[in-house]
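Open the model in your viewer and keep the selection tool at hand. This tour goes from stop to stop.

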Amino acid sequence: MKIQWKPGTLIYPLPALMVSSGATEEEYNIFTASWTGTICSDPAMCYVSIRKSRLSHEIISRTRCFVLNLTTEELAKATDWCGVRSGRDYDKFKEMKLTPAKALMVNAPIIAESPINIECEVCEIKELGSHDMFIANVVNIQADEKYINPETGAFDMEAANLMAYSHGHYYKLGQEIGKFGWSVQKKK
């Protein structure tokens with residue numbers, strides 16, 4: 001038997017990303033986001049939803065770009081800290097000893113310690129309610145070469161020790177249980 005709950009946000013797990021923005025070193029900022037994801041593969045597009053009151057909302061509304069930085073078990077503390085502290089009060093890069101590096105296609109920093117940095121240009125800001133959705137084109141991806149499989153050229157997600165967010169908690173990702181299409185794959 002199932003019980004009924006009021007409508008809410010129970011689509012979990014989600015990525016736990018650090019979103020970096022800022023056109024100059026003086027305004028570089030990071031915030032933690034889980035309300036983010038892929039919305040189209042061709043062209044490559046994604047989104048991030050941001051509260052209107054946040055400093056990053058101001059910065060990204062003006063600069064029209066941001067970087068989604070995937071997070072790892074090693075970045076767990078920084079990921080949480082950047083989500084509960086305001087860039088109005090702290091230099092988050094400095095406080096968490098993170099390295100800002102230049103994005104190649106957008107005017108925003110990447111987080112060098114992140115295994116994957118997804119550079120995004122905003123094409124639309126959709127006003128919703130508590131959050132605005134920043135819809136963006138993915139214009140470049142930087143991947144840490146130490147996670148690239150030399151035989152396949154693919155990024156090794158498992159080796160990167162990525163983490164996820166689920167209903168107020170962070171989790172390391174578990175063991176692979178299959179790959180896309182495995183349920184219908186012909187046996188060799």
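Here is what to select, one stop at a time.

**Before you start**

This is a predicted model: local features need pLDDT of at least 70, side-chain atom pairs count only at pLDDT 80 or more, and totals for chains, interfaces and linings use all residues. Residues are numbered from 1 along each chain as its sequence is written, and side-chain values use heavy atoms, with hydrogens and water left out.

**Stop 1: the annotated region**

Select residues 9-157. The unreviewed UniProt entry marks them as "domain: Flavin reductase like". UniProt positions follow the numbering used here, feature names are shortened, and annotations may be inferred rather than shown by experiment. Over residues 9-157 the chain is 15% helix and 42% strand. The end C-alpha atoms of this stretch are 26 Å apart. Helices (H or I, at least four residues) and strands (E, at least two) are DSSP runs, numbered from the N terminus.

**Stop 2: strand S5 and its partners**

Select residues 44-51, strand S5. Is S5 mostly covered or mostly uncovered? Mostly covered: 6 of its 8 residues are buried. Buried means under 20% relative accessible area, exposed over 50%, partly exposed in between (1.4 Å probe, protein chains only).

Now add S4, residues 36-41. S4 and S5 run antiparallel, joined by 5 bridges. Two strands pair if DSSP finds at least two bridges between them. The two form a hairpin with 2 residues between them. Find Thr-36; Val-48 in S5 stands opposite.

Next add S10, residues 131-143. S10 pairs with S5 over 7 bridges, also in the antiparallel sense. Here Cys-46 faces Ala-136 in S10.

**Stop 3: the salt bridges**

Side chains of opposite charge can pair when their charged atoms come close. A salt bridge is a side-chain nitrogen of Lys or Arg within 4 Å of a carboxyl oxygen of Asp or Glu. How many salt bridges are there by this rule? The count is 3.

- Select Glu-27 and Arg-62. Their closest N and O atoms are 2.4 Å apart. Glu-27 lies in the loop between S2 and S3 and Arg-62 in helix H1, so the pair ties together parts that are 35 residues apart in sequence. Glu-27 is buried, at 19% relative accessible area.
- Select Lys-52 and Asp-132. They meet at 2.7 Å, N to O. Lys-52 is in the loop between S5 and H1, and Asp-132 is in S10, 80 residues apart. Lys-52 is partly exposed at 36%, whereas Asp-132 is buried at 4%.
- Select Arg-88 and Glu-58. The N to O distance is 2.4 Å. Arg-88 sits in the loop between H2 and H3 and Glu-58 in H1, so this pair joins parts that are 30 residues apart in sequence. Arg-88 is partly exposed at 45%, and Glu-58 is partly exposed at 45%.

**Stop 4: the open sheet**

Select S1, S11 and S12. These 3 strands form an open sheet in the order S1-S11-S12, with antiparallel pairing. S1 (14-15) and S12 (169-172) stand at the edges with a single partner strand each, so one side of each has no neighbour in the sheet. S11 (residues 163-166) is joined to S12 by 4 bridges. Met-163 stands opposite Lys-172 in S12.

**Stop 5: toward the end of the tour**

Go to Lys-187, in the segment after S12. Lys-187 is exposed, at 83% relative accessibility. Measure from there to Leu-55: the C-alpha atoms are 53 Å apart in space, and the residues are 132 apart in sequence.
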